Amino acid sequence: MADLTRRNLFGRAISLGTAVRYDTIQQAVRGFMSVPSFFGRQVTSNVFVSRLRETLGADRSTISDRHRLTFEQQIRPTEGVTF
């Protein structure tokens, strides 16, 4: 398993990262990007991308391949509250 994250990308507080996991049963690649503002508003935007490939069954003849793309936005109206 390996993780790599770059914070403050281009001097704009953008975070970019990836994680990789590889073994005989499961191979996974994940990536993310986080931006602290959205068109000048204090809304944090996150994008997550992942691919998971698993070998299933006692004879390992079945392969499950899944892709996922997720968008998320968070707003903090007061300290300690996140929507």
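1. Let's start with the charged cluster: R51, R53 and D65 are linked in a network of salt bridges. Please keep in mind that this is a predicted model. One contact to look at is that of R53 with D65, whose side chains meet in a salt bridge at 4.0 Å, N to O. This pair links distant parts of the chain, with R53 in strand β4 (residues 43–56) and D65 in strand β5, twelve residues apart. R53 counts as partly exposed at 32% relative accessibility, and D65 also falls in the partly exposed class, at 36%.

2. A second link between β4 and β5 is worth a look on your screen. R66 and E54 bring their side chains together in a salt bridge of 2.8 Å, N to O. Here R66 sits in strand β5 and E54 in strand β4, and the two are twelve residues apart, so this pair too links distant parts of the chain. Is E54 buried or exposed? With a relative accessible area of 17%, E54 is buried, because buried means under 20%. Its partner R66, in contrast, counts as partly exposed at 40% relative accessibility.

3. How many salt bridges does the structure hold? The count is five. Among them is the one between the side chains of R21 and D23, at 3.4 Å from N to O. R21 is partly exposed at 37% relative accessibility, and D23 is partly exposed as well, with a relative accessible area of 26%.

4. Now for the framework. Five strands make an open sheet in the order β1-β2-β3-β4-β5, and their pairing is antiparallel. The edge strands are β1 (2–9) and β5 (62–75), each of which pairs on one side only. From one strand to the next, the twist averages 5 degrees.

5. At the β1 end of the sheet, β1 pairs with strand β2 (residues 14–22) in the antiparallel sense, over six bridges. If you would like a landmark for this pairing, try R6: its bridge partner in β2 is L16.

6. Last, a nonpolar feature. Which residues form the nonpolar patch on the surface? They are V49, L69 and F71, which together have about 330 Å² of accessible area. F71 lies in strand β5, the edge strand that also carries D65 and R66. F71 is classed as exposed because its relative accessible area is 62%, and the cut-off for exposed is over 50%.

Terms used. Residues numbered from 1 in each chain as written. Predicted model: local features only at pLDDT ≥ 70, side-chain atom pairs only at ≥ 80, totals over all residues. Heavy atoms only, no water. Pairing = 2+ DSSP bridges. Helix = DSSP H or I, 4+ residues; strand = E, 2+ residues; numbered from the N terminus. Axes fitted to C-alpha atoms, helices over the stretch in contact; angles between N-to-C directions. Patch = residues over 30% accessible without salt bridge, like charges linked within 9 Å, V, L, I, M, F, W, Y side chains within 5 Å. Areas by Shrake-Rupley, 256 points an atom, 1.4 Å probe, with all protein chains shown as cover. Buried < 20%, exposed > 50% of the residue type's maximum accessible area, 1.4 Å probe, protein only.
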